[in-house]
Amino acid sequence: MSALVLAIDGPSGSGKSSTAKAIALRANWSYLDTGALYRAVTYLALKNKVDDEESVIEFLKNSLITFDTDPADPKVYLDGVDISSEIRLQRINDQVSAISAMASVRNILLDLQRQYISDAPIGIVVEGRDIGTVVAPAAQLKIYLHADITERTKRREGESNESIGAQKIGESLANRDQIDSSRAISPLTQAADAAVIDSTRLTLQEVTDQIWKWLKQRNLLGLPTVAVIGRPNVGKSTLVNRMIGRREAIVEDTPGVTRDRVKYEAEWNGRRFFLIDTGGWEVKPTGISEKITAGAEAAIAEADLIMFVVDAQVGALDEDASLVDLLRKSGKKVILVANKIDNAEDEAEGYELWNLGLGEPRFVSALHGRGSGDLLDLLTGALPEVGTSQVDDGYRRVALVGRPNVGKSSLLNALAGSPRVLVDDVEGTTRDAVDELIDFGGSTWRFIDTAGIRRRAHQASGTDYYASLRTAIALDRAEVALVIFDASQILTEQDIRIVSMADEAGKALVIVMNKWDLVDEERQLVLDREIDRQLERYPWAQRVNLSAKTGWHRDRLAPALRTALTNWEKRIPTAKLNAFLGELVAANPPPVRSGKQPKIKFATQAGTCPPKFVVFATGFLETAYRRFIERRLREDFGFEGTPIEVAVKLKERDDA
C-alpha cells in the first residue's frame with residue numbers, strides 16, 4: 001500500500017526541517033530532507049574539487065548517498081561515512097544552489113527521493129523546494145512554508161556553529177532564493193493546491209499544530225487499531241458488536257463462527273479507532289483452525305493495542321497462559337477483559353484472572369452491556385494518538401460476490417499478492433464481509449470479500465442467514481459488484497440470482513469467470529451457450545475470463561472495473577439526449593395503444609450511479625418500447641458494465 005505523503009516546500013530558513021521532523025515524530029512516520037541529499041552531492045563535488053556537471057555526475061555514480069529516515073535522528077551518509085554535520089557548513093550553503101540546478105543531478109536524486117517515499121511503511125514527511133510540484137505531485141497534503149528574510153537570517157545565525165555574521169548569512173539566503181526561484185529545472189514555486197503558512201511570527205509549535213489540524217480535517221492521520229484476541233467462543237464477536245454499537249460481527253453459540261480477521265470502525269466520545277475481530281486462537285490447531293490461528297496472530301502484529309478476552313465463567317485455561325506468552329513476545333500493550341461477568345457475584349471469580357500476569361482484569365458482560373462504557377473509556381485513553389490504519393478516503397469500493405467456493409477469497413489474495421483473507425478447500429470458509437485496500441492496475445481499490453450465498457436469505461438459517469445479510473450490506477456499500485462464477489462448473493440458478501441482486505441494487509457490474517485453467521475447449525462451447533441462455537438479460541455486463549490461481553488475465557480486471565465505474569457515473573447532456581431521442585422516435589415511433597399513438601415530448605437524465613432517464617410522453621409506453629430505448633441508448637452512448645433505468649412520466653397533450 002502506498003504511504004501517505006506530507007509535502008513541505010519553501011525557501012531556506014523558513015522552518016521546514018524543524019516542522020517536518022516534529023510532525024513525523026508525532027505521527028510516527030518517516031522523514032526525508034531532500035535538501036540534505038543535494039548538500040551531500042555538493043560536499044562530494046567540493047571534496048573532489050569539481051564543479052562541472054559531467055564530473056559531478058561521474059563522482060555521483062561511483063558513490064553511495066544514503067539517508068536515515070528516522071525523524072528522531074536523521075543522518076546523511078556518503079559511502080557509509082556520516083557527513084550530517086559537514087553538509088551544514090557555510091561553504092556548502094554557498095555552492096548547493098549551483099549543484100542543485102544541474103539537470104542530471106536532479107534526475108538521479110529524484111529517483112532516489114521517490115524510492116524513499118515508496119519504501120515508507122505508513123507515512124512520510126518530505127521537505128524541500130520541489131516536493132509538491134515535482135517529487136510528489138500526488139501528495140495528500142502540500143504545505144508551502146515561508147518567512148521574511150530577516151527572520152530566516154536570524155534563525156540561520158542561531159543554528160550555525162560558525163562565526164559568519166548576520167549580513168553574510170542574509171546575502172547567502174537572498175542569493176539562494178534567487179537561484180532556486182529562477183532556475184530552469186524544478187524551480188522553487190508554490191504548488192497550486194498547497195496550503196500556505198507564513199511562519200515569520202509563529203512558533204514551531206503553532207506551525208505544527210496548524211498542519212496537524214489540517215491532517216485531521218482531511219482524515220489523513222491513521223486510526224489506531226485494537227485486536228480482539230482470545231480462545232474460541234469467549235464472546236469476542238459479541239463484545240465487538242457491543243463496542244461498535246451494531247450487529248456487524250456474526251455471533252452464534254457454536255465455537256469457530258468467526259474465521260477471518262475482520263476490521264470495523266468504532267467511535268467513543270469523539271475518538272475513532274478500528275477493532276479487529278479475530279477467530280479463536282488455539283495452541284495446537286488442526287485443519288482450518290491453523291489458518292484461523294495464523295490470522296489471529298497476524299492481527300496481533302498489525303494492532304497498536306490488544307484486548308485479550310477471557311471467559312470469566314470458565315476461568316483461565318492452559319491455552320490462555322500460552323496466549324499470554326505470545327502476547328508478551330509481541331511487545332504490544334494488552335488490556336485483559338473478563339467477559340460474561342453478569343453480576344457482582346461473578347466478579348469474585350473474575351479476580352482469579354490476576355494470575356495471568358497481565359494486570360487488573362476489566363469486567364464486562366458483552367451480551368448485556370455491563371461495564372462496556374468503562375472499558376471503552378479505558379481503551380480510548382490507552383490508544384496512541386495516531387495509528388497504522390489509514391481511513392477510507394475515496395477509494396473505489398468493489399464487492400466480490402458469488403456462490404461458495406468459486407474463488408472470491410483466492411482472487412482477492414491473488415490481487416493483493418499476499419494472503420489477506422482465509423482460503424480453504426472447505427466450502428463456505430468466508431463468513432464475514434472483509435474489507436481490504438489493494439493496489440493493482442495503477443490504482444488503490446477497497447475490496448469487500450463476502451461469504452458465498454448458498455440460498456435465498458429467507459431460506460437460510462444460523463451462520464448462513466447472517467452471512468447472507470452481511471453480503472447484502474456489503475453489496476449496498478459497494479460501487480461495483482464483481483460477480484464471480486466457477487467457469488468449470490455448470491451455471492446454476494443461484495449464480496443468476498446473485499447477478500440479479502447486483503442489478504437490482506443498481507451497482508456497476510463485472511462478471512468474472514474464474515478457474516479458467518480448468519476449462520477445456522468443450523467446456524468453453526457449453527459455457528458460451530449457458531451464458532447466452534441464462535444471462536440474456538445482462539448483455540451489457542462486462543465479462544473477464546481469468547484464473548486467480550495461476551494469475552492468467554488478472555491484468556484485464558482493472559480496465560473492466562474502470563469502464564464499468566465510468567459508465568455508472570456517466571451523464572448525457574439534455575440537448576444531446578433529446579437530439580438522440582428525436583431521431584429515434586422519427587425512425588421508430590412508439591406503437592399504437594387503444595387506437596392512440598403516444599407522443600414523446602422530451603427526456604432528461606434524472607440521475608447517475610446508475611444512470612436513470614425519464615421520458616415524458618402523452619401516453620403509456622409499452623415495456624418492449626422502453627427496452628428498445630434502453631438498447632439504443634447503450635448503442636449510442638456506451639453504458640457498458642452498468643444497469644440503466646428508463647422511466648416514463650405521463651404529460652398532458654398540448655392542444656397545439
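How do the residues of the lining of the second largest pocket divide into nonpolar, polar and charged? The split is 13 nonpolar, 17 polar and 13 charged. Keep in mind that this is a predicted model. Below is a quick tour of that pocket, the largest cavity, one helix pair, two open sheets and a couple of backbone oddities.

**Second largest pocket**

- The second largest pocket holds about 910 Å³ of space.
- It is lined by 43 residues, and the ones closest to its centre are S17, K21, R88, R156 and E159.
- Helix α1, covering residues 16–27, gives the most to this lining, with five residues.

**Cavities**

- There are four cavities of 30 Å³ or more in the structure.
- The largest cavity has about 100 Å³ of space, and G35, Y38, S100, R129 and R183 are the closest to its centre among the 13 residues that line it.
- Three elements give two or more residues each to the lining of the largest cavity: α2, α4 (90–100) and α8 (166–182).
- Of these, α2 has the largest share, at four residues.
- By class, the lining of the largest cavity comes out as two nonpolar, four polar and seven charged.

**Helices α2 and α3**

- Helix α2 (residues 34–47) and helix α3 (residues 53–61) have axes that come within 10 Å and cross at roughly 105°, which means α2 is roughly perpendicular to α3.
- On the α2 side the contact is made by V41, L44 and A45, and on the α3 side by V56, F59 and L60.
- The contact of α2 with α3 has six nonpolar residues, with no polar and no charged ones.
- K49 sits in the loop between α2 and α3, and its phi is near 55°, a positive value in a residue other than glycine.

**The six-stranded sheet**

- This is an open sheet with mixed pairing, and its strands go in the order β10-β11-β9-β12-β13-β14.
- The edges belong to β10 (262–268) and β14 (362–363); each has a single partner strand, so one side of each is left without a neighbour in the sheet.
- Strands β12 (residues 305–311) and β13 (residues 333–339) run parallel and are joined by seven bridges.
- To get the register, take L305: its bridge partner in β13 is K333.
- Helix α10 (residues 236–244) packs on the sheet, where it touches β9 (225–229), β10, β11 (271–277), β12 and β13. The direction of α10 makes about 160° with that of β11.
- Helix α14 (residues 372–382) lies across β9, β10, β11, β12, β13 and β14, and runs at about 175° to β13.

**The three-stranded sheet**

- Here the order is β21-β22-β23, again an open sheet with mixed pairing.
- The edge strands are β21 (600–607) and β23 (645–650), each with a single partner strand, so one side of each is left without a neighbour in the sheet.
- From one strand to the next, the twist averages 25°.
- Six bridges hold β21 to β22 (residues 612–617), and the two strands run antiparallel.
- For the register of that pair, I600 stands opposite A617 in β22.
- Helix α20 (residues 574–587) packs on the sheet and touches β21 and β22, with a direction at about 140° to that of β21.
- Helix α21 (residues 623–637) lies across β21, β22 and β23, and runs at about 130° to β23.
- One backbone detail to check in your setup is P610, which lies in the loop between β21 and β22: the peptide bond from C609 to P610 is cis, with omega near 0°.

**Back to the shared element**

- Helix α2 turns up in two of the topics above: α2 gives four residues to the lining of the largest cavity, and V41, L44 and A45 of α2 make contact with α3.

Terms used. Residues numbered from 1 in each chain as written. Predicted model: local features only at pLDDT ≥ 70, side-chain atom pairs only at ≥ 80, totals over all residues. Heavy atoms only, no water. 1 Å grid on protein atoms, 1.4 Å probe; cavity = no way out; pocket = protein on both sides within 12 Å on 5 of 7 lines; lining within 4 Å. Points joined across faces, edges and corners; volume = space filled by probe spheres on them. Nonpolar A, V, L, I, M, F, W, Y, C, P; charged D, E, K, R; others polar. Axes fitted to C-alpha atoms, helices over the stretch in contact; angles between N-to-C directions. Parallel < 35°, antiparallel > 145°, perpendicular 65-115°, else oblique. Contact = heavy atoms within 4.5 Å. Pairing = 2+ DSSP bridges.
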